[in-house]
Amino acid sequence: SLMQPHYRYKTSLEGHDSSIMAMAFSPDGNYLAAGSENGTLIVYAKMVRGWVPLSRFVDLSPLTSIAWHPLNKRILYCGFESGDVHTLLLPPTKESDSRTWTDTTDGPIACIAHSFLDDILAVGSGEDVYLIRYQMANSNASWKTKLPLPHPPKRELPNNRGSTLTSRATSAHFFTINTHLVVTYVDHGVVCWNTKDLSIVWEIKPSGGKLCVFNAAVDHALICSSGGSALSLDERLIVLSKFADGFECYTLSNQQRNYTVDVSTSESVPTSVLFDANGSIMFGGPSGAAYVTDGTPPVITQTLRYEGKFPL
């Protein structure tokens with residue numbers, strides 16, 4: 001039997017005056033970072049009286065990606081459309097020790113992930129994913145040694161002789177037990193990289209989907225478009241957003257697809273997807289609703305709507 005709906009509206013957090021582009025809870029669940037299109041980051045803290053603003057930072061560029069340090073709830077990484085990445089120390093005591101520059105890339109920051117075992121930051125921007133190592137030099141700590149990952153194996157467009165798809169990273173996840181990095185690409189599926197020698201550990205090539213917005217100039221091409229991705233808490237499964245086609249779930253040990261849940265819409269945009277603490281899969285939709293699923297294969301058991309009309 002299906003589980004009963006287990007989410008209900010509790011409160012709204014105020015402070016932003018433009019569209020929210022990225023959000024992330026701290027590892028302990030006591031802080032929520034939310035960044036907006038006008039470059040504003042607000043960190044909310046869970047207090048007895050509810051969620052209250054703790055810190056506020058403003059940049060000139062839209063904020064596009066957020067990630068917390070996996071072991072230190074005071075460290076937050078923010079990526080911007082300008083290609084800049086900031087490391088923030090919370091709560092700030094003064095501007096000089098609350099914000100440092102990790103590095104700058106040539107395009108918008110699509111994803112950020114921090115290794116559980118090493119001081120390595122993975123940053124996805126455009127066609128590239130960089131590994132940036134934290135180093136100490138003359139008592140000054142900074143992010144150095146920016147090393148790009150190889151591009152994933154080339155994929156040819158169906159019915160387009162000689163044309164290949166450009167890689168574009170959308171999500172990145174480090175495993176907790178090793179230094180392997182799982183990167184999801186728009187048109188290249190999922191690649192697990194060994195960050196020690198930059199070799200490919202395994203690949204997942206999702207089934208074909210609709211033409212995604214990043215390749216709209218290509219006509220009549222059926223490609224395996226993947227949006228965001230998420231690992232289950234036990235790191236045995238990965239779920240992939242398929243833009244307008246719902247999502248797919250794979251077992252990581254053998255890279256086999258378990259099931260596909262189709263949620264067809266008229267819009268093809270990348271939306272968020274995640275596993276909650278109960279193992280249920282949640283994903284956003286282009287109409288502004290979030291969906292909760294239960295069961296195997298999962299079915300939608302709850303639809304969370306809000307007054308906006310923008311993609312989640």
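## A quick tour: salt bridges, sheets and a pocket

At 0% relative accessibility, E248 counts as buried, because anything under 20% falls into that class. Keep this residue in mind, as E248 is one half of a salt bridge with R257. You are looking at a predicted model, and a search of the whole structure finds three salt bridges in it. Below we visit those pairs, then two sheets, and finally a pocket.

**Salt bridges**

- Here is the general idea to start with: side chains of opposite charge can pair when their charged atoms come close.
- In the pair of E248 and R257, the closest N and O atoms are 3.1 Å apart.
- How accessible is R257, the partner of E248? R257 has a relative accessibility of 44%, so it counts as partly exposed, whereas E248 is buried at 0%.
- K196 makes a salt bridge with D118, and here the closest N and O atoms are 3.3 Å apart.
- K196 sits in the loop between β15 and β16, while D118 sits in the loop between β9 (109-114) and β10 (120-125), so their salt bridge ties together parts that are 78 residues apart in sequence.
- K196 counts as exposed, with 60% relative accessibility, because the exposed class covers values over 50%.
- D118 has 21% relative accessibility and counts as partly exposed.
- K73 and D28 also meet through their side chains, with a distance of 3.5 Å from N to O.
- This pair links distant parts of the chain, 45 residues apart: K73 belongs to the loop between β5 (63-68) and β6 (75-80), and D28 to the loop between β1 (20-25) and β2 (31-36).
- Both partners are partly exposed: K73 has a relative accessible area of 39%, and D28 has a relative accessibility of 35%.

**The sheet from β13 to β16**

- Strands of a sheet pair through backbone hydrogen bonds, either parallel or antiparallel.
- Which order do the strands take in this open sheet of four? The order is β13-β14-β15-β16, and the pairing is antiparallel.
- β13 (169-174) and β16 (199-204) are the edge strands; each has a single partner strand, so one side of each has no neighbour in the sheet.
- From one strand to the next, the twist averages 20°.
- β15 (residues 189-194) pairs with β16 over five bridges, and one place to look is V190, whose bridge partner in β16 is I204.
- The loop between β15 and β16 is also the home of K196, which you met in the salt bridge with D118.

**The sheet from β21 to β24**

- Another open sheet has four strands in the order β21-β22-β23-β24, again with antiparallel pairing.
- At its edges are β21 (273-275) and β24 (299-304), each pairing on one side only.
- The twist here averages 25° from one strand to the next.
- Five bridges join β23 (residues 290-294) to β24, and D294 stands opposite V299 in β24.

**The second largest pocket**

- Rolling a probe the size of a water molecule over the atoms shows where empty space is left.
- The second largest pocket has a volume of about 240 Å³.
- Its lining has 20 residues, and those nearest the centre are L237, Y259, F275, G279 and S280.
- Which elements give two or more residues to this lining? They are β20 (256-264) and β23.
- By type, the lining residues divide into eight nonpolar, eight polar and four charged.

Conventions: Residues numbered from 1 in each chain as written. Predicted model: local features only at pLDDT ≥ 70, side-chain atom pairs only at ≥ 80, totals over all residues. Heavy atoms only, no water. Pairing = 2+ DSSP bridges. Axes fitted to C-alpha atoms, helices over the stretch in contact; angles between N-to-C directions. Salt bridge = Lys/Arg side-chain N within 4 Å of Asp/Glu carboxyl O. Buried < 20%, exposed > 50% of the residue type's maximum accessible area, 1.4 Å probe, protein only. 1 Å grid on protein atoms, 1.4 Å probe; cavity = no way out; pocket = protein on both sides within 12 Å on 5 of 7 lines; lining within 4 Å. Points joined across faces, edges and corners; volume = space filled by probe spheres on them. Nonpolar A, V, L, I, M, F, W, Y, C, P; charged D, E, K, R; others polar.
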